[in-house]
Amino acid sequence: MAVIEWVLREILTSPTTLFIIVVATILFHVFLKEAKYGQNFPSGPWGLPFVGVLPFLGDHPEITMMEWAKKYGKVFSVRMGPETVIMLQGYEAVMDAFSRKATVFSGRPHIPVFDIMNDRGLVVLDYGPAFTAQRQFTMQYIAHANNEKHIDGEVDALLRYIREQRGEPFQFNFPMKATTSNVIGTVLFGSRQEYDDPVFKRLLQVFQKAMLLSGQLSIRQFLPFLSFIPSVDERKAAWGEFSDILNEKLVEHRATYREGTTRGFIDAFIHKIIENENGVQNLFTEADLLPSLLTLYFAGSDTVYLTLSWGMLFLLHHPAVCKRIQDELDREVGKSRRPTLADRQNLPYTNAALMEVQRLNFIAPISGPHKALRTVNFRGYTIPEGTTVLANQWSIMMDEEKWPNPQQFDPSRFLDEFGNVKKNVAWIPFSVGKRSCPGEVLARQEIFLVLTALLQAFSFRSSDSEALPECVGKTGSLYVCPDFHVCAVPRF
Ligand code: HEM
């Protein structure tokens, strides 16, 4: 960022340079952009030479983009450095692209921050036969894995940890990170790790560092030319160490692999590699294995951890909602056993509150980058093959037409007059189409089982020695919840 700041300072202190820059910018927009993208390309805000709109994105690009959309419409273009990107605003535009024209807009451009994956692993793999086969396989594996048992085992450890705090303040975020990492770890490797296991502690540490350093770039992380960003070496080192730790586990599993035994996703993936060895296409290869583990681990842990943390923060700010959930749990589940997935259908208010948490704190405010797989006519515009397309998913959840008073935390917006859950088509926290979240089933099970177990077992309050942070996050690659402490007292 220092380079950008220096360029800006130089520009703003010299009127002649500024004049030349302005003229160059106009020429760039009028001639070069048209030459590259044609006249029928969406317009958008003008940016500075070299950096485009990057200096104007602010701390919350999703909100800046909503402002720009008021002027330029639901489909507009923004130049980020040398690349011009299409931004989609609102439910209809996103559905048109990612769902109705999914066969065109489901490509993935190269994402430099994920170089370590070598363009493999579900999040980064471009659309094609290998992507389709691996996605289908992953979704089937997750749907049939014994998720409830895995999560239940992890909830045992979580409740034990919280009881050990004996009502004293503890940082809520730590056990949430450990829980969600262990759940995805169990899905992948077939076993969990103790909170104080040194390898597990190291894994949590390097993973958080990698996410933090990548997240600081926010949507800028998708852009190749920003690889000069000062922390790049530190970021690469953190991703490298994270990858090494998972690779060690992979090597261990490889060495003890037995045909016919499936300890977790790794074994199931190895079965597929063997099954595909004589196939015509290389749909599952050894080279896909580690990137698949890495992408599932990072996509499947922080997302859920942040949702759970936002959930608790909101409930601390809205004790009446918390009490209503606890009353519903006491009435429908009682106190002699923990809530199970089978209870979900009897807990409409709880479900509505969880949906509201996911709406109001959409943890993925801007989608991952999609790529147009061919030139297409979209909403009257011509979008050339290879163009990067991003969805402002925040704009969907904050649309006043879809959600009256969108800033307000109000679970009852998901209930009908009889108190049953009322769906809203614009509630798409897992996105839509061929690149929607393949972990949705697991994520929803985890969020439900963990939060209901916590609320059934404990009364939570904020710590006396620390002001509870406001429900405002930092936009990185995810919408990050502030750290906070809580006190938990057993309810029975
Ligand atoms: C609250 C939890 C979660 C939320 C809100 C969430 C949300 C999303 C969203 C919005 C996308 C689409 C991004 C795009 O448009 O490119 C996505 C993709 C993805 N998610 Fe999740 N996710 C969650 C949990 C999980 C879990 C538990 C897993 C793993 C088991 C997972 C694995 C993935 C993967 C692999 C992709 C990439 C799919 C692709 O590129 O085709 N997610 N997620």
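This passage describes the surroundings of the ligand and of its iron atom in a predicted model. Residues are numbered from 1 along each chain as its sequence is written. Local features need pLDDT of at least 70 and side-chain atom pairs count only at pLDDT 80 or more, whereas totals for chains, interfaces and linings use all residues, and side-chain values use heavy atoms, with hydrogens and water left out.

The iron atom of the ligand has a single donor from the protein (donors being N, O and S atoms within 2.8 Å of the metal, or 3.2 Å for Na, K and Ca), namely SG of Cys437 at 2.3 Å. Cys437 is found in the loop between α15 (393-397) and α16 (440-457), where helices are DSSP runs of H or I with at least four residues, numbered from the N terminus.

The ligand is surrounded by 30 residues, of which Arg108, Leu122, His370, Arg435 and Cys437 are the closest; a residue is counted if one of its heavy atoms lies within 4 Å. By class, this shell has 16 nonpolar, 11 polar and 3 charged residues, with Cys counted as nonpolar, Arg as charged and Gly as polar.

Polar contacts, defined as pairs of N or O atoms within 3.5 Å, involve oxygen atoms of the ligand. A polar backbone atom of Leu122 lies 3.2 Å from an oxygen atom of the ligand, a polar side-chain atom of His370 lies 3.0 Å from a ligand oxygen atom, and an N or O atom in the side chain of Arg435 is likewise 3.0 Å from an oxygen atom of the ligand. Two or more residues of the shell are given by each of α6 (129-144), α12 (286-317) and α16, and the largest share, 6 residues, comes from α12.

Conventions:
A polar contact is a pair of N or O atoms within 3.5 Å; within protein, one must be able to donate a hydrogen and the other to accept it, and residues adjacent in sequence count only if both atoms are side-chain atoms.
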